[in-house]
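Colleague: Got a minute to go through this model with me? I'd like the overall picture and then a few residues.

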Amino acid sequence: MITLTEEAAGSERALALDMREGQRVFHSLIVHYENGIPVQIEDRFVNAQVAPDYLKQDFTRQTPYAYLSQVAPLTEGEHVVEAILAEPEECRLLQIEPGEPCLLIRRHLVGSPAGHGGAPDSPRFPSPPGRTLQQMSSLTLLRAADYPRMPWKNGGGSTEEITRDGGAGLEGFGWRLSIADIAESGGFSSFAGYQRVISVLQGDGMRLMVDGQASRELLAFDAFAFSGESAVSCNRWADRFATST
């Protein structure tokens, strides 16, 4: 635990958390370790009206996510994922060299106070159901040597999984970022209920057939989105591509 404190919300923070400027907001900054090695910085701002006991918690025994899920179960959220170069202070906390690439995930999460259920406002929870609960970012160091390799759902190849938001195997995640090698032209696996975004990383390019319609010619770093349940096949020129699901 690096920081656990109360602050007055500035204009930008107040807008993000659906509150008035100057109202109380809780701020926690935590470094997560795995096998004694720092792997993630979690920077979280919490609406104090929705989780008034946040500062009283022992987050060495329970994660902020677990606690907040109890007091205000999440109803919706927005995730923005990007690759960045770590800032000097982030490098110090993660014990890495300046300029090492990391994955930054920004989350904007909405939750309803437990037990509120749409009833009239109470003194403890004066805000309406669905109040913006928290705004957070997590900066994670991801090393290629640690990416798990798993087979495609259709058995036609394999993928290296960079990261995901939850679940295990090929099910149960809200989003996933992965890299796959294409040995030959062929069909893609079906991921019903997801939107997929693909981009060529290495090779001359490729063209997809999506539900019988040809895509434009896809060259390096040209992102292309399609429905996960669509019938998709590729005419290969690329050797490697990245997908988000």
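Modeller: Sure, here is the chain as a whole, followed by some aromatic rings and single residues.

Modeller: Ground rules: this is a predicted model, where local features need pLDDT of at least 70 and side-chain atom pairs count only at pLDDT 80 or more, while totals for chains, interfaces and linings use all residues. Numbering starts from 1 along each chain as its sequence is written, and side-chain values use heavy atoms, with hydrogens and water left out.

Colleague: How many helices and strands does the protein chain have?

Modeller: There are 3 helices and 14 strands. These are DSSP runs numbered from the N terminus: H or I of at least four residues for helices, E of at least two for strands.

Colleague: And what share of the residues is buried?

Modeller: Buried residues are 40% of the 245 in the protein chain. Buried is under 20% relative accessible area, exposed is over 50%, and partly exposed is in between (1.4 Å probe, protein chains only).

Colleague: What about contacts between residues 24 or more positions apart?

Modeller: They account for 58% of the protein chain's contacts with a separation of 6 or more; a contact means heavy atoms within 4.5 Å.

Colleague: Switching to rings, how many aromatic pairs are there?

Modeller: The whole structure has 9. One of them is F26 with Y54, a stacked pair at 6.1 Å centre to centre and 10° between the planes. For the cut-offs, rings of Phe, Tyr and Trp (its six-membered ring) pair if their centres lie within 6.5 Å; planes under 30 degrees apart are stacked, over 60 edge-to-face, and the rest tilted.

Colleague: Where do F26 and Y54 sit in the chain?

Modeller: F26 is in strand 2 (residues 24-34) and Y54 is in the loop between strand 3 and helix 2, so this pair links distant parts of the chain, 28 residues apart. Both F26 and Y54 are buried.

Colleague: Which other ring does Y54 pair with, and is that pair stacked or tilted?

Modeller: Y54 also pairs with Y67, and that one is tilted: 6.3 Å centre to centre, 45° between the planes. Y67 is in helix 2 and Y54 in the loop before it, so the pair ties together parts 13 residues apart in sequence.

Colleague: Is Y67 buried or exposed?

Modeller: Buried, because its relative accessibility is 7%; for Y54 the value is 0%. F26, Y54, F59 and Y67 form one aromatic cluster.

Colleague: Now backbone angles. What is odd about Q95?

Modeller: Q95 has a positive phi of about 60° although it is not a glycine. Its place is the loop between helix 3 (88-94) and strand 5, and at 59% relative accessibility Q95 counts as exposed.

Colleague: And what is the phi of F221?

Modeller: Near 65°, again positive in a residue other than glycine. F221 is in the loop between strand 12 (213-214) and strand 13 (224-227), and is exposed at 63% relative accessibility.

Colleague: S215 is in that loop too. Buried or exposed?

Modeller: Buried, at 8% relative accessibility. Leaving out residues up to four places away in sequence, S215 touches R207, L208 and F224.

Colleague: Last one: what does the side chain of H108 come up against?

Modeller: A polar atom of that side chain lies 3.2 Å from the backbone oxygen of A16. H108 itself is in strand 5 (residues 101-111) and is partly exposed, with a relative accessible area of 24%.

Note on methods: A polar contact is a pair of N or O atoms within 3.5 Å; within protein, one must be able to donate a hydrogen and the other to accept it, and residues adjacent in sequence count only if both atoms are side-chain atoms.
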